[in-house]
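Trainee: Hi! Could you walk me through this structure? I'd like to start with how the chains meet.

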Amino acid sequence: MQDLLYFSQQLINGLTIGSAYALIAIGYTMVYGIIGMINFAHGEIYMIGAYTALIAITGLTALGLAWLPLILIVALLCAMIVSSSMGWAVERVAYRPVRGRHRLIPLISAIGMSIFLQNYVHLAQGSRNVGFPALIEGGFNFSADGAFEMSLSYMQITIFVTTLICMTALSLFISRSRTGRACRAVSQDLGMASLLGIDTNRIISATFIIGAALAAVAGLLLGMYYGSVDPLFGFIAGLKAFTAAVLGGIGSIPGAMLGGLILGVSESMTSGYLSGEYKDVVSFGLLILILLFKPTGLLGKPEVEKI
Amino acid sequence: MAANNYRHALFCAIVTLIISFPILGFNLEAKGINITLTGATTSTIIAVILAAVAVFVFQAFRDSFMVMLGKLPNLNPLAGKEPMEQSKRVKLESWVLTGIVVFALFWPFLVSRGSVDLATLVLIYIMLALGLNVVVGLAGLLDLGYVAFYAVGAYTFALLSQYIGISFWMALPIGALLAGLTGMILGFPVLRLRGDYLAIVTLGFGEIIRILLNNWTTLTGGPNGIGGIPEPTLFGMEFGRRIKEEGNTSFHETFGIAYSGEHKVIFLYLIALVLAVITALIIRRFMRMPVGRAWEALREDEIAARSLGLSRTAVKLSAFTIGAFFAGFAGTVFASKQGFISPESFVFLESAIILAIVVLGGMGSQLGVILAAIAVTILPELAREFSEYRMLIFGAAMVLMMVWRPQGLLPMRRIHITLNKQG
């Protein structure tokens, strides 16, 4: 019983982190699915989302607003607006001019953008980490015979529910709306879609905006969950989310969700049963193994190279 | 058209405000457990608004700006002229390189200790950048974990000197060979991957090695690092005031001159200089050898190169190994120069700086990479008040380079033959 409780605790922690990774991974996978490039600066957009949310929360609290759901919703909206604008601007400035060139050129441009944004926040907000207030406290506790307590906090439930809402909304958007249909068409064949009268530039911008908005949601959630943010906050999370995207099969949206959850669980199992210091090693190791043995990921389609 | 332009311009200006105002306009300050929000200074807010206005004006009159830019007299006087003749250009380049080396040989005796120390660091960066240039510039393999091999070189020397008491001159080849071996072992499985996946995997390897160094406390000392790494000796002569090891003599006593701390710094600088020159010469040779041509062929068109019978794995692996080898070289010198190393020195940012050097200098071009290494290391030191903007500028420069001049400031020119026009 004791072991089971411990195991379920790790599982819950893993699923919490994993669902947030999945939100970030959507941004990587959608961009890759459409223009075939790794948006290296996506982690920074997530970090900017977290910072904006924190600024909004602090500002609203200082203004005397006390009703928690309102604070959170306003902060979330602020973070989504700022991150989406950032995503749009990054695509416009750094990716659109180099689109279609040799594969490495957009990637180097993206790395440059990532360094730029990291230092932009670093210079504006300082390099030290800033505490994120724990707004949602408490939770359910389960215990077998008192020794080990398994807890499911309200924060974790918030993360699950928010992720679920976002994912459902995204799936509906992609499958039902006009823009969503255009997104699918562009990811299947960009040239053909533009011949059929789809404004591909607009669709690509829309992809960046959607990815950035979801990253901002993840930024608020994980910022609150971890309790602090710093300018390097996005780098590792971005890598993890990229791993999740690759794990699930890059370009596939359900794959990103699945990959995020698997990565989150394997990470928390490592820190629960081995050592917390090596959890990053495990996720990078996982990434390397997948790329070596099954580069298409779990749900991805194989890429055919045409001459 | 005009109305559309204004609408777009207004949109861009609003986006500029949205992305800059919240982050720049408010400062989060931690006071105890509470966080307070303070507004930024008026000048920052004015700057943000000015930036938005500038974006609006530029976007609104974009077309006329572009026309004006086209009419500007060309600033590059060489732009319209025929490129210099091949043989002349090669000669000029080697003269310039020789000139730099000769100047570098005598220079440390004229300047202060601090600048010589900085120059040693520049030379280490030159070695690193030349090595990465082989991998990224010539073979077209984007390696984002290059700093891992640098770490292998540095830690090899540090650990061997700590446990066996090995000297710098023994450690130099061992460190470089081990780094090269690591490159080969890591490279073997991953080189099948396509360009951007390779970049991420090497990044993952780099992080794994750093995390291992950080956490394997019993061997590497973890975040505390390893200290007391010996300095290089000249034929058994030590540069310290007192002799540390039995059987060695001291430099200042042998030559009967007064002890000076500068001897050591200059000696280290000269070693770094010699090694950097050796690195440059060896890589220069490689570039002209069949394997060098194979690297470029594979970079340009993998399918065509393979159909001509080049072994993809062998060619890529050789580039990867050689790059790693020179990183190990640089790492050993770095360990010896600092006397102390810790995982702090081998973070991803370091890889990014080296990559920025290669990209700015012009991928594949040796002279370009050397000049870029000098510029990137020295400029932040000269403009101290701007030094905190260093990485910001690097990032922006990388993006701008890719957009406007992906071939770099001093692009590589392939050795080629031009046929004379008939008649």
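**Where the chains meet**

Mentor: Happy to! The contact takes in 64 residues from chain A and 57 residues from chain B. Keep in mind that this is a predicted model.

Trainee: Cool. How much area do chain A and chain B bury between them?

Mentor: About 5400 Å², with 79% of it on carbon and sulfur atoms. On the chain A side, Ile108(A), Leu123(A) and Leu292(A) supply 11% of the area that chain A buries against chain B, more than any other three residues.

Trainee: And how many salt bridges are there across the interface of chain A and chain B?

Mentor: The rule finds zero salt bridges there. There are, however, four residue pairs in polar contact between chain A and chain B, both residues being at pLDDT 80 or more.

Trainee: Which element gives the most to the side of chain A that touches chain B?

Mentor: That's H4(A), with 16 residues. By class, that side of chain A has 45 nonpolar, 12 polar and seven charged residues.

Trainee: New topic! How do helix H5 and helix H8 of chain A pack?

Mentor: Their axes are 10 Å apart, at an angle of about 175 degrees. An angle over 145 degrees counts as roughly antiparallel, so that is how H5(A) and H8(A) lie to each other.

Trainee: Which residues make the contact?

Mentor: From H5(A), they include Ile159(A), Cys166(A) and Phe173(A). From H8(A), Leu214(A) and Tyr225(A) are among them.

Trainee: What about the classes in the contact of H5(A) with H8(A)?

Mentor: You'll find 11 nonpolar, three polar and no charged residues in that contact.

Note on methods: Residues numbered from 1 in each chain as written. Chains lettered and ligands numbered in written order. Predicted model: local features only at pLDDT ≥ 70, side-chain atom pairs only at ≥ 80, totals over all residues. Heavy atoms only, no water. Contact = heavy atoms within 4.5 Å. Buried area = accessible area lost by both parts, 1.4 Å probe. Salt bridge = Lys/Arg side-chain N within 4 Å of Asp/Glu carboxyl O. Polar contact = N/O pair within 3.5 Å; in protein donor to acceptor, adjacent residues only side chain to side chain. Helix = DSSP H or I, 4+ residues; strand = E, 2+ residues; numbered from the N terminus. Nonpolar A, V, L, I, M, F, W, Y, C, P; charged D, E, K, R; others polar. Axes fitted to C-alpha atoms, helices over the stretch in contact; angles between N-to-C directions. Parallel < 35°, antiparallel > 145°, perpendicular 65-115°, else oblique.
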